[in-house]
Structures are given as structure tokens and as C-alpha cells.
Amino acid sequence: MKKSIAIILCMTLLLTALLAGCGSKPLKFGACVYVSAPSATDATVDKNGAGKVDVTVAAVTVDANGKIVSCALDTASNSVEYTADGKAVAKEGFKTKYELGKDYNMVAYGGATKEWFEQVDAFEALVAGKTLDEVKALVVNGDKGTDEVLKAGCTITISEFVAAIEKAYNNATESKVTAKDTLKVTVATEQTVADATEEKDGSNKVATYVFAAAVNAEGKVVAGKSDCVEVSFTFDAAGASTFDATKAVLSKREQGTNYGMVAYGGSAKEWFEQADAFDAACVGKTGSEIAGLVASDGKGVADLQSAGCTIYVTGFVKAASKI
């Protein structure tokens with residue numbers, strides 16, 4: 001009897017060790033944004049003109065077999081307005097679809113059985129364990145999900161989720177992230193407005209800062225990646241849109257050296273390189289500690305600037321400190 005108990009205990013300890021080892025294996029970490037085509041309308045006497053852009057952010061971890069271990073998603077559906085006399089309308093605040101929670105009102109007014117955030121949770125759970133090709137195969141009829149997706153509780157369109165996941169998957173790199181860590185995506189949107197004059201168009205600009213991170217049990221960042229999507233909706237003194245909706249919108253990170261901070265701004269490093277420096281500074285920090293990386297002038301504290309991030313960081317910090 002004692003021998004049998006000893007064998008069972010040894011097997012239990014071995015299984016526990018194996019499971020623990022699986023959870024501690026390093027994974028690839030990737031994050032990216034997918035920007036839908038922005039749209040803009042003219043203002044009329046009865047209705048303000050509006051500009052709208054959707055920014056979907058995805059973070060994934062990928063194992064050695066190419067399977068997604070975990071996934072995190074959110075969408076910032078940002079809209080701004082301007083009047084028929086060329087005045088930009090300031091907005092009190094911006095929230096992502098996930099941050100809106102039940103106030104997104106898919107259940108109350110859309111006849112859905114689950115709110116947007118609940119449907120995204122269901123889709124994230126479904127994606128876990130799948131390869132990229134298997135995830136891409138979940139989209140049917142252009143934007144809806146297969147029966148498997150619907151049965152999982154996600155009845156909303158998923159094409160933009162999958163597009164963001166594909167980009168995140170393809171840029172995933174080796175990291176110290178493990179299956180024990182939790183993926184998070186956070187967003188902060190800043191608005192800058194200028195009224196139109198007879199000589200110059202007005203502008204209602206939204207800068208959507210995103211931060212994707214893997215966070216450990218202590219709430220500290222293990223790996224993170226920042227980006228920003230900036231769209232300026234322009235209009236004339238009569239409220240007619242002058243925004244070019246045919247032009248593709250790339251995030252600042254995606255623009256790479258074409259962003260021109262070195263060539264035209266006299267900077268020692270490009271935007272994406274400075275964002276990398278900020279991300280590196282976030283590793284090992286909690287959200288509240290990240291909040292302390294910004295100085296009173298909106299730029300980074302001395303240590304952050306010495307590390308190579310000399311640009312204004314308020315947007316970065318607002319997003320990253322939400323983890």
C-alpha cells in the first residue's frame with residue numbers, strides 16, 4: 001500500500017512539473033493595429049459633419065508549433081464633428097467598445113443576447129489553440145463568423161479582428177512571455193481641434209494611442225508594444241469635408257522611416273525607435289509606475305529621454321498606464 005501511494009505521489013509530482021514547464025516555456029509575442037477606411041461627411045444646417053475611423057488592436061502569443069496561445073482585442077471607434085459654419089466640435093472623452101461595456105447597448109437596443117465585450121471575450125477564447133490559417137478560416141461571407149464562431153457566442157462581424165490578428169501574428173517575435181502571463185490591450189485617444197477660416201481649412205484630429213502588453217501575476221509588464229494612429233478630418237469654412245478618404249491610413253509605427261522625424265524633424269531617432277524605447281522602459285513596471293514616466297511638460301522623465309525617447313509621451317502613458 002505504501003509503495004502504491006509513493007508511486008502515485010511521484011506521478012502526481014511529475015505531472016505537476018510537466019504542466020508547470022509547459023506554462024513557463026517562452027512564447028512569441030506580437031501586436032498590431034488594423035485601421036478601417038476612415039469616412040467623412042459634409043455638415044449641413046440641420047446636421048453636423050462627421051469624421052469616423054475604427055482602430056482595432058490585437059495582441060497574440062504564439063507557441064513553437066505556430067498555434068495562438070492567447071489573444072486580446074479591442075476597437076476604438078472614434079468619431080468627431082464639425083459645424084456648417086466651419087467650427088470644430090470638441091468631445092468630452094473617448095472610450096473603446098470594450099471600455100463601454102454594457103453601455104455599448106447591443107442588448108438593450110440591438111436585440112443581441114450578449115454585449116460587444118462579451119462577444120469579443122468569446123472570440124478570443126475560440127482563437128486560442130488555433131493556427132493563423134484556422135483563424136482566417138473562421139470568416140465567411142466577407143465579415144461574419146462561421147457556425148463555430150456563432151455557437152461560441154460571437155455574432156458580430158469579425159473580419160477586422162482577424163485582420164488585426166493576422167498582422168500581430170506575422171510580426172510576433174521571441175520574448176520572455178509565457179502562458180502564465182495575461183495579454184492586455186489598452187487605448188487612449190487625444191483630440192486636437194482648429195476652426196476653419198476663409199483662408200485655411202479647419203481640422204478635427206484624433207490620435208489613437210494603443211498599448212499591447214503581456215502582464216505577469218504581479219501586474220508588471222513582461223513585453224509591450226506601443227503605436228499611434230493619427231487622422232486629421234479637415235473641412236472648409238462652410239463645413240464641407242476636405243478629407244481625402246481614398247488615402248490609406250498607416251500607423252506611425254507602420255510608417256517607419258517615412259514618418260520623417262530624422263529627415264525633416266532633426267531627430268536622432270525615428271518615431272518607431274522612440275516608441276521602442278518607451279516600451280522597453282515599461283518592462284518590469286505596473287500601470288501606476290508607468291504613469292510616472294511623464295514629466296510636467298508632457299515629455300518623458302530624464303531616464304526615459306536618456307534611453308532614447310525624447311518625444312511627447314502623454315498619449316503613450318495614458319494608454320499604457322491602463323494595463
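Trainee: Where is Phe243 found, if I want to place it among the helices and strands?
Mentor: Phe243 is found in the loop between strand 11 and helix 8. Please keep in mind as we go on that this is a predicted model.

Trainee: Is Phe243 buried or exposed?
Mentor: A residue counts as buried when its relative accessible area is under 20%. Phe243 has a relative accessible area of 17%, so it is buried.

Trainee: Which residues does Phe243 touch, if I leave out those up to four places away in sequence?
Mentor: Phe243 touches Pro38, Ala40, Val231, Ser232, Phe233 and Thr234. As an exercise in distance, you can also look at Thr192, which is 51 residues apart from Phe243 along the chain, while the C-alpha atoms of the two are separated by 16 Å.

Trainee: How can I read the chain as a whole, and how many helices and strands does it have?
Mentor: The chain has 12 helices and 11 strands, and its C-alpha trace spans about 95 × 50 × 30 Å along the principal axes. Of its 323 residues, 45% are buried. If you take the contacts between residues at least 6 apart in sequence, 62% of them join residues at least 24 apart.

Trainee: What should I look for in a nonpolar core, and how many residues does the largest one have?
Mentor: In soluble globular proteins, nonpolar side chains tend to be buried together. Here the largest nonpolar core has 28 residues, and those with the most contacts inside it are Ile68, Leu73, Phe123, Ile158, Phe161 and Ile165. At least two residues of this core come from each of strand 3 (49-62), strand 4 (68-82), helix 4 (116-127), helix 5 (132-136) and helix 7 (159-170). Helix 7 gives the most, with six residues. Another core lies apart from this one, with 27 residues, among them Val35, Val53, Val55 and Val206.

Trainee: What does Ile158 touch, beyond residues up to four places away in sequence?
Mentor: Ile158 touches Phe123, Leu138, Val139, Asp143, Lys144, Gly145 and Val149.

Trainee: Let us turn to a polar residue, then: where is Thr83, and is it buried or exposed?
Mentor: Thr83 is found in the loop between strand 4 and strand 5 (88-89). With a relative accessible area of 18%, Thr83 is buried, because the limit for that word is under 20%. Its side chain is joined to that of Asp85 by a polar contact of 2.3 Å. Setting aside neighbours within four places in sequence, Thr83 is in contact with Ala43, Asn48, Val89 and Gly239.

Trainee: And what can I say about Ser267, starting with its place in the chain?
Mentor: Ser267 is in the loop between helix 8 and helix 9 (271-282), and it is buried, with a relative accessible area of 16%. A polar atom of its side chain lies 2.7 Å from the backbone oxygen of Lys269, and a polar contact of 3.1 Å joins the side chains of Ser267 and Gln274. Apart from neighbours within four places in sequence, Ser267 is in contact with Met261, Val262 and Gln274.

Trainee: How do I describe a pocket, and which residues lie closest to the centre of the largest one?
Mentor: You can give its volume and then its lining. The largest pocket holds about 340 Å³ of space, and of the 14 residues that line it, the closest to its centre are Glu230, Val231, Lys247, Ala248 and Val249. Strand 11 (221-235) and helix 8 (252-255) are the elements that give two or more residues to this lining, and strand 11 supplies the largest share, four residues. By class, the lining residues of this pocket divide into seven nonpolar, three polar and four charged.

Trainee: What is the volume of the second largest pocket?
Mentor: The second largest pocket has a volume of about 260 Å³. It is lined by 14 residues, and the closest to its centre are Pro26, Val62, Asp63, Ala64 and Asn65.

Trainee: Finally, how many cavities of 30 Å³ or more does a search of the whole structure find?
Mentor: The search finds one such cavity, and about 30 Å³ of space lies in the largest cavity. Its lining residues include Ala76, Asn78, Phe94 and Lys322. Strand 9 (182-194) and strand 4 each give two or more residues to that lining, with strand 9 giving the most, three residues.

Definitions and conventions
Residues are numbered from 1 along each chain as its sequence is written. This is a predicted model: local features need pLDDT of at least 70, side-chain atom pairs count only at pLDDT 80 or more; totals for chains, interfaces and linings use all residues. Side-chain values use heavy atoms; hydrogens and water are left out. A nonpolar core is a set of buried Ala, Val, Leu, Ile, Met, Phe, Trp, Tyr and Cys residues joined through side-chain atoms within 4.5 Å. Buried means under 20% relative accessible area, exposed over 50%, partly exposed in between (1.4 Å probe, protein chains only). Contact means heavy atoms within 4.5 Å. A polar contact is a pair of N or O atoms within 3.5 Å; within protein, one must be able to donate a hydrogen and the other to accept it, and residues adjacent in sequence count only if both atoms are side-chain atoms. On a 1 Å grid over the protein atoms alone, a cavity is a set of points where a 1.4 Å probe fits but cannot get out, and a pocket is an open set with protein on both sides within 12 Å along at least five of seven lines; lining residues have an atom within 4 Å of a point. Grid points are joined across faces, edges and corners, and a volume is the space filled by probe spheres set on the points. Ala, Val, Leu, Ile, Met, Phe, Trp, Tyr, Cys and Pro count as nonpolar, Asp, Glu, Lys and Arg as charged, and the others, Gly among them, as polar.
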